Amino acid sequence: MRCCCDQMSFHIENREKIIVYDKLTRTYGIKVTETVRQKILFCPWCGEKLPSDLSKELESIIFDELDLDDFQDPRMPEEFKTDAWWKNRGL
Ligand SMILES: [Zn+2]
């Protein structure tokens with residue numbers, strides 16, 4: 001995947017579990033505990049602003065446009081199980 005710098009790419013791809021990247025919502029975070037992460041907006045190494053968080057857009061499509069019950073809804077289209085949904089929309 002494209003990333004802001006080699007350091008960030010390294011930490012995400014090597015899964016050192018310091019930086020957590022959620023491809024579904026395109027969010028980046030620093031892992032604090034197994035269940036807690038601190039969202040980050042800028043790369044800790046190069047300082048570049050990270051791509052915008054798409055959580056609200058995702059929820060809007062899932063609940064308003066598709067009218068699904070939750071993220072486990074069996075009617076969930078395949079593209080919403082990966083980052084395909086925002087790539088397909090050019091977000
Ligand atoms: Zn960076």
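**Entry 1: terms and overall plan**

A helix here is a DSSP run of H or I with at least four residues, a strand is a DSSP run of E with at least two, and both are numbered from the N terminus. By this rule, I found His11 in helix α1. I noted at the outset that the model is a predicted one.

I then looked up the elements of the whole chain. The chain holds 3 helices and 3 strands, and their order along the sequence reads α-β-β-β-α-α. For the extent of the chain, I recorded that its C-alpha atoms fill a box of roughly 40 × 30 × 20 Å along the principal axes. Of the 91 residues, 32% are buried. I also noted the contacts between residues at least 6 apart in sequence: 38% of these join residues at least 24 apart.

**Entry 2: the sheet**

I next asked in which order the strands of the sheet lie. The sheet is open, and its 3 strands follow the order β1-β2-β3 with antiparallel pairing. The edge strands are β1, residues 19-22, and β3, residues 37-40, each of which pairs on one side only. On average, neighbouring strands of this sheet are turned by 35° against each other, with direction ignored. As a reminder to myself, strands of a sheet pair through backbone hydrogen bonds, in either a parallel or an antiparallel manner.

I followed one pairing in detail. Strand β2 covers residues 27-31, and 4 bridges join it to β1 in an antiparallel manner. One bridge I located links Ile19 to its partner Ile30 in β2.

**Entry 3: the hairpin turn**

I examined the connection from β1 to β2. These two strands form a hairpin with 4 residues between them. Arg26 is found in this loop. Its phi is positive, at about 55°, although Arg26 is not a glycine. Is Arg26 buried or exposed? Arg26 has a relative accessible area of 8%, and it therefore counts as buried, the limit being under 20%.

**Entry 4: helix α1**

I returned to the helix that contains His11. Helix α1 spans residues 6-13 and lies across β1, β2 and β3, running at about 80° to β1. His11 has a relative accessibility of 11%, so it counts as buried. I also compared its position with that of Phe71: the two residues are 60 apart in sequence and 28 Å apart in space, C-alpha to C-alpha.

**Entry 5: the zinc ion**

Which residues are the protein donors of the zinc ion? I listed Cys4, Cys5, Cys43 and Cys46, each through its SG atom, at 2.3 to 2.4 Å from the ion. Along the chain, these donors follow the spacing C-C-x37-C-x2-C. Why is the arrangement called tetrahedral? The 4 donor atoms subtend angles of 101 to 119° around the zinc ion, and the arrangement is tetrahedral because all angles have to lie between 85 and 135 degrees for that name.

I then checked the accessibility of two of the donors. Cys43 is buried, with a relative accessible area of 4%. Cys46, at 39% relative accessibility, counts as partly exposed.

**Entry 6: helix α2 and the loop after it**

I turned to α2, which covers residues 55-65. Its buried residues are Leu58, Ile61 and Ile62. These three cover an arc of only 90° around the axis, and therefore they lie on the same side of α2. For comparison, I wrote down a general rule: an α-helix has 3.6 residues a turn, so residues three or four places apart point the same way. On the other side of α2, I found Lys56 and Asp64 exposed. Helix α3 is included in what covers the buried residues of α2.

Asp67 comes just after α2. This residue is found in the loop between α2 and α3, the latter being residues 84-88. Phi of Asp67 is near 55°, a positive value in a residue other than glycine. Is Asp67 buried or exposed? With a relative accessible area of 54%, Asp67 is exposed, because the limit for that term is over 50%.

**Entry 7: two residues set side by side**

I closed by placing the two residues with positive phi together. Arg26 has phi of about 55° and is buried, whereas Asp67 has phi near 55° and is exposed.

Terms used. Residues are numbered from 1 along each chain as its sequence is written. This is a predicted model: local features need pLDDT of at least 70, side-chain atom pairs count only at pLDDT 80 or more; totals for chains, interfaces and linings use all residues. Side-chain values use heavy atoms; hydrogens and water are left out. Two strands pair if DSSP finds at least two bridges between them. Axes are lines fitted to C-alpha atoms, for helices over the stretch in contact, and angles run from 0 to 180 degrees between N-to-C directions. Contact means heavy atoms within 4.5 Å. Donors are N, O and S atoms within 2.8 Å of the metal (3.2 Å for Na, K and Ca); water is not among the atoms, so sites may look incomplete. Four donors count as tetrahedral if all angles lie between 85 and 135 degrees; four count as square planar and six as octahedral if opposite donors are over 155 degrees apart and all others between 65 and 115; anything else is irregular. Buried means under 20% relative accessible area, exposed over 50%, partly exposed in between (1.4 Å probe, protein chains only). The arc is that of the directions from the helix axis to the C-beta atoms.
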